[in-house]
Amino acid sequence: NTGAVYVYTNSDVTSTYTIGQTVTVSGTVTAYNKGLQFPATSTISVGASGEYIYDAPEEYTASKIETFLNNTNDRLATYVTVNGIIEKSGNYYNIKVGSTTANATLVYTPNSFTSGYEGGESVTIKGFAVNVTSSRCGIIATEITQNSTPVLLYDDITDVVADGVSNAKATGTATNITGWTPKVSYTGCVSSASINADCTEITYSVGANTEATEKSGTIDVTLSMDGENDVVYTINVV
């Protein structure tokens, strides 16, 4: 109920242990990439077999992942769920969660979980956030589900100069948008905004700020399709 500790064996344990077995692990706990773990020299004793029911996972949004990455303490693993877009890099599977850059990555995950994913798919991942790997939140997946709903990933626009910008470009990632029609609206300091057909680029203008206080606004992208509920994505502008 307080978290999990990773046990590093450096071997395939799928024929040795089954989900639900009780085990007693004895060894010196250290940390790898800020994740607490038992080393390969640990002693593992197997007890009775049973069934393991996962607790409800904590939803890890982009901001939650940012907090995880900024935590410099060694930590227990936390059972989480993330929604994002898979990005394949060689043998590695990274996950874009709420931004245009990959901020999570799959670690120690069986190949059978990722078989068939080539990158660009929208997925929901449940698993243990265990460490920081290549400046990303390392997740041991226990379940990967492919989603059919459209997904847009854009970073918030926080670097607008006080003199304002005209027809500036913001790039993002889009998936599952075939058949969906995008519409853009804007508020606050944003004076105009539009999006291209494949939803990967937004063109926007922001007027000059003549006051001493920060101004903010939003760019809202609404995706519509007959017979489906609208899907709205909001980009904050400062």
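**Sheets, pocket lining and salt bridges in a predicted model**

Strand E18, which covers residues 217–224, is joined to strand E19 by seven bridges, and the two strands run antiparallel. The model described here is predicted. Within the E18 and E19 pair, Leu-223 is found opposite Val-231, the latter belonging to E19. This pairing is part of an open sheet of three strands, arranged in the order E15-E18-E19 with antiparallel pairing. The edges of the sheet are formed by strand E15 (181–188) and strand E19 (231–237), each of which pairs on one side only. From one strand to the next, the twist of this sheet averages 20°.

A further open sheet, also described by three strands in antiparallel pairing, has the order E13-E17-E16. Strand E13 (165–171) and strand E16 (190–195) occupy the edges, and because each has a single partner strand, one side of each is left without a neighbour in the sheet. The twist in the E13-E17-E16 sheet averages 20° from one strand to the next. Five bridges connect E13 with strand E17 (residues 201–206), and the sense of this pairing is antiparallel. Across the pair, Ala-170 stands opposite Ile-202, a residue of E17.

Strands E13 and E17 are also linked through their side chains, since Lys-169 forms a salt bridge with Glu-201 in which the closest N and O atoms are 3.9 Å apart. As Lys-169 belongs to strand E13 and Glu-201 to strand E17, the contact ties together parts that are 32 residues apart in sequence. The relative accessible area of Glu-201 is 28%, and Glu-201 is therefore classed as partly exposed.

In total, five salt bridges are present in the structure. One of these is formed by the side chains of Glu-87 and Lys-96, with an N to O distance of 3.9 Å. The two partners fall into separate accessibility classes: Glu-87, at 27% relative accessibility, counts as partly exposed, whereas Lys-96, with a relative accessible area of 13%, is buried, the cut-off for burial being under 20%. Another salt bridge brings together the side chains of Glu-118 and Lys-88, again with 3.9 Å from N to O. Glu-118 is located in the loop between helix H2 (111–114) and E10, while Lys-88 is located in strand E7, so that this pair ties together parts 30 residues apart in sequence. Glu-118 counts as exposed at 56% relative accessibility, and Lys-88, at 35%, counts as partly exposed.

The second largest pocket of the model has a volume of about 540 Å³. Its lining comprises 27 residues, of which Asn-83, Val-97, Gly-98, Leu-152 and Leu-153 are the closest to the centre of the pocket. Two or more lining residues are contributed by each of strand E7 (78–89), strand E10 (122–133), strand E12 (151–153) and E19. Among these elements, E7 gives the most to the lining, with four residues. When the lining of this pocket is divided by class, 14 residues are nonpolar, 10 are polar and three are charged. Two of the elements named in the lining recur elsewhere in this account: E19 is an edge strand of the E15-E18-E19 sheet, and strand E7 holds Lys-88, the partner of Glu-118.

Methods. Residues are numbered from 1 along each chain as its sequence is written. This is a predicted model: local features need pLDDT of at least 70, side-chain atom pairs count only at pLDDT 80 or more; totals for chains, interfaces and linings use all residues. Side-chain values use heavy atoms; hydrogens and water are left out. Two strands pair if DSSP finds at least two bridges between them. Axes are lines fitted to C-alpha atoms, for helices over the stretch in contact, and angles run from 0 to 180 degrees between N-to-C directions. On a 1 Å grid over the protein atoms alone, a cavity is a set of points where a 1.4 Å probe fits but cannot get out, and a pocket is an open set with protein on both sides within 12 Å along at least five of seven lines; lining residues have an atom within 4 Å of a point. Grid points are joined across faces, edges and corners, and a volume is the space filled by probe spheres set on the points. Ala, Val, Leu, Ile, Met, Phe, Trp, Tyr, Cys and Pro count as nonpolar, Asp, Glu, Lys and Arg as charged, and the others, Gly among them, as polar. A salt bridge is a side-chain nitrogen of Lys or Arg within 4 Å of a carboxyl oxygen of Asp or Glu. Buried means under 20% relative accessible area, exposed over 50%, partly exposed in between (1.4 Å probe, protein chains only).
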